[in-house]
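Me: I'd like to learn how to read a protein–DNA model. Can you walk me through it?

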Protein chains: 2
Amino acid sequence: MQALTSGEGPWDAEPDAPAPVGRATIDDVAREAGVSTATVSRALRQHPYVAESTRQRVMTAVERLKYVANSNAARLASGQSRTVGFIAPMLTSWYTSELMVGVEEVLTHERFDLLIGTANSASRERIFRGDARFQQHIDGVILVDVFCGDDGARRLAALDTPIVVLGEQLQRITSVSVDNERGARLAAKHLIQLGHKRIALVAGHNDLDVAKNVPTERAKGFRDTLQAAGLRLPAAYVQDGDFTIPGGHRAMRALLGLPKPPTAVFFMSDEMAFGALEAVREAGLRVGHDVSIVGFDDHPVAGPIGLTTVRQPVREMGRLGARLMLDTLDGFGTVRHHPMELTLIERISSGRPA
Amino acid sequence: MQALTSGEGPWDAEPDAPAPVGRATIDDVAREAGVSTATVSRALRQHPYVAESTRQRVMTAVERLKYVANSNAARLASGQSRTVGFIAPMLTSWYTSELMVGVEEVLTHERFDLLIGTANSASRERIFRGDARFQQHIDGVILVDVFCGDDGARRLAALDTPIVVLGEQLQRITSVSVDNERGARLAAKHLIQLGHKRIALVAGHNDLDVAKNVPTERAKGFRDTLQAAGLRLPAAYVQDGDFTIPGGHRAMRALLGLPKPPTAVFFMSDEMAFGALEAVREAGLRVGHDVSIVGFDDHPVAGPIGLTTVRQPVREMGRLGARLMLDTLDGFGTVRHHPMELTLIERISSGRPA
DNA sequence: CACAGGGATGCAAGCGCTTACATCGGGAGA
DNA sequence: TCTCCCGATGTAAGCGCTTGCATCCCTGTG
């Protein structure tokens, strides 16, 4: 951030620009360059059949006139919307917005627009049917946390809309995801190695029966690891935290209210873990001593408050997802799954059992 | 969030829609309704001179054909971009993204698009000059943290682009802001009442000399209150935290490294305060006991971790800002300043000095 | 040296809407 | 009953681009 000293800085600079504020059209440029509008259009879009000298002339004219193409006209004429949809439940979670920022970053760079939508159960279907905004004016859709089964995946793949899925892996659909089972295993193993015997799980939702999805995979990795270590996971030790801060708070309170409360808890998201901190404090206990907590994400606040967590490169996932979408739209790129690395970050919220 | 049970849920529903995927044009609708395209256009946009019966017929046709207007065509024809720009430094801070979500919420509802831009020193100017994206295809601009002096404000007001400023108050420009001086006073007073004598300040930037801006106002309120209480604010007690988590961390470390460290610190943002928590821990001290901390914002994580803070209704500010922009674009609404309420939320990060 | 081939450019028809202007019809006032 | 007026609708000209097709010209080839 630049230091603005009094009386200086960009705002106070002289308005030295000639600035015939962006009124030039492609015809003006054509005239200025002495070519046809068609040639200008081609020159501007890297069409192969434009002589280098001509391109130069056009570019010069563009500079001089400060020409900027009217994207509405371009889109109308070409039939390409240069817009991709981004659908997720809970737009306000850190995870989602971080993905969105990543996506936005590369899309904007390629002069694409982002159309954002929430995906509650109703609107998911809507996307591919009658929804007003997504119906026709979208080149592709980036889906987050689809949480659909194999059937859903099949239906998605059958659509002729290019799709990229973020966060989970579906049959025949390009995706960027992490190995959720492994992530959960990392967390569980960590807690087990610290010596914990009573370890609980706070999932995003409790309905973990859908074929394949993030919570299910994490739950599986977690369960398996516990089982392998000869530990039990009683039903009461599995709570639903709704992937939100208040949800995590509630879940933790429920856990601490148990006759035999756990000494360690794995949360499927950092935000739920944050909520849990409050519950621990309210109970007069100390995190990392009386009860260990492990999250998932590596939210920016996780570091400062010392939350042990499984880091996933969220922003980078968003970026990659957007790039894959662009490749798909360009006709390149085949259906592929792109795995991203997961790392356990040990901090002070987890320690040996009291 | 809906519970998806195996084999069910929206994804698995039968594709029961007739779905002649949104290919209908306004002409199709006109034909279907037995009117001209002009009438359809008018009916759809609430033009007064359309008979109710006609409107009904058009609507029916729209329904039947699942017609959705092509916004590119509409924008091209009308010359209205239906897009507003959103410019802020640091798009990734919670404050900014929260504002953005609020803005997005109402804009989307009104079928407007949001064009997001960063405002580093260079691009600020660019907005109103040669910048490619903002030059012509924008109806108005929402500015966050402009941090410009009166001169800058004058230049802004002189532009013919509708402008709404969020977070601070500028001459002759519509804005939504809080009383920053008062907020800082609340924080300072709270700390003083707790009995603190050595109180430090972590600002967003140290260049507090610009005519009028958020950090300056908060610094003033803070200083004045300390002074009124007969307390000193040594230069070493004023640190620059850059409005980021790491910045807050650094600032706190610097403060704690002082020969006579403060017993309480006011941070101009919660995120900086979060960073500080880590520094306190590293120093082997306890927040709320050895050192009290007060933030500003009421970030969602502030509650869970017990950070005392000055709450500002950020999301609501974004919403209101967007609404004001829409009013301006509609020709309604005059230049006005809309003040929002600030509240001190006392939590456990602040207590009596040790 | 005529001719085919293909690179470089121009022409002009849209893309799907909006809107100024023309038109039409029917009730109110003369 | 005949204007006049105005509400309701139609006509058609673009908005600023993209792109298929036609055209032109410069090489390389036989």
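**Reading the DNA-facing surface**

Reply: Sure, and keep in mind that this is a predicted model. A handy start is to sort the residues by class: the surface near DNA strand C has 16 nonpolar, 7 polar and 3 charged residues.

Me: Which residues are the closest to DNA strand C?

Reply: Of the 26 residues that surround DNA strand C, the closest are Thr39(A), Tyr49(A), Thr54(A), Ser41(B) and Arg45(B).

Me: Which helix gives the most to that surface?

Reply: That's α4(B), with 4 residues. At least two residues each come from α2 and α4 of chain A and from α2 and α4 of chain B.

Me: What part of the DNA atoms within 4 Å of the protein belongs to sugar or phosphate?

Reply: For DNA strand C it's 71%, and the rest belong to bases. Next, look at individual polar contacts. A backbone N or O atom of Ile26(B) sits 2.7 Å from a phosphate oxygen of DNA strand C, and one of Ala51(A) lies 2.8 Å from a phosphate oxygen of that strand. For a base, try Ala77(A): a polar backbone atom there is 3.3 Å from a base oxygen of DNA strand C.

Me: Now the helices. At what angle do α1 and α2 of chain A pack?

Reply: About 100°, with their axes 8 Å apart. Angles of 65 to 115 degrees count as roughly perpendicular, so α1(A) and α2(A) are roughly perpendicular to each other. Ile26(A), Asp27(A), Val29(A) and Ala30(A) of α1(A) make the contact with Thr37(A), Val40(A) and Ser41(A) of α2(A). By class, that contact has 4 nonpolar, 2 polar and 1 charged residues.

Note on methods. Residues numbered from 1 in each chain as written. Chains lettered and ligands numbered in written order. Predicted model: local features only at pLDDT ≥ 70, side-chain atom pairs only at ≥ 80, totals over all residues. Heavy atoms only, no water. Axes fitted to C-alpha atoms, helices over the stretch in contact; angles between N-to-C directions. Parallel < 35°, antiparallel > 145°, perpendicular 65-115°, else oblique. Contact = heavy atoms within 4.5 Å. Nonpolar A, V, L, I, M, F, W, Y, C, P; charged D, E, K, R; others polar. Near = heavy atom within 4 Å. Polar contact = N/O pair within 3.5 Å; in protein donor to acceptor, adjacent residues only side chain to side chain.
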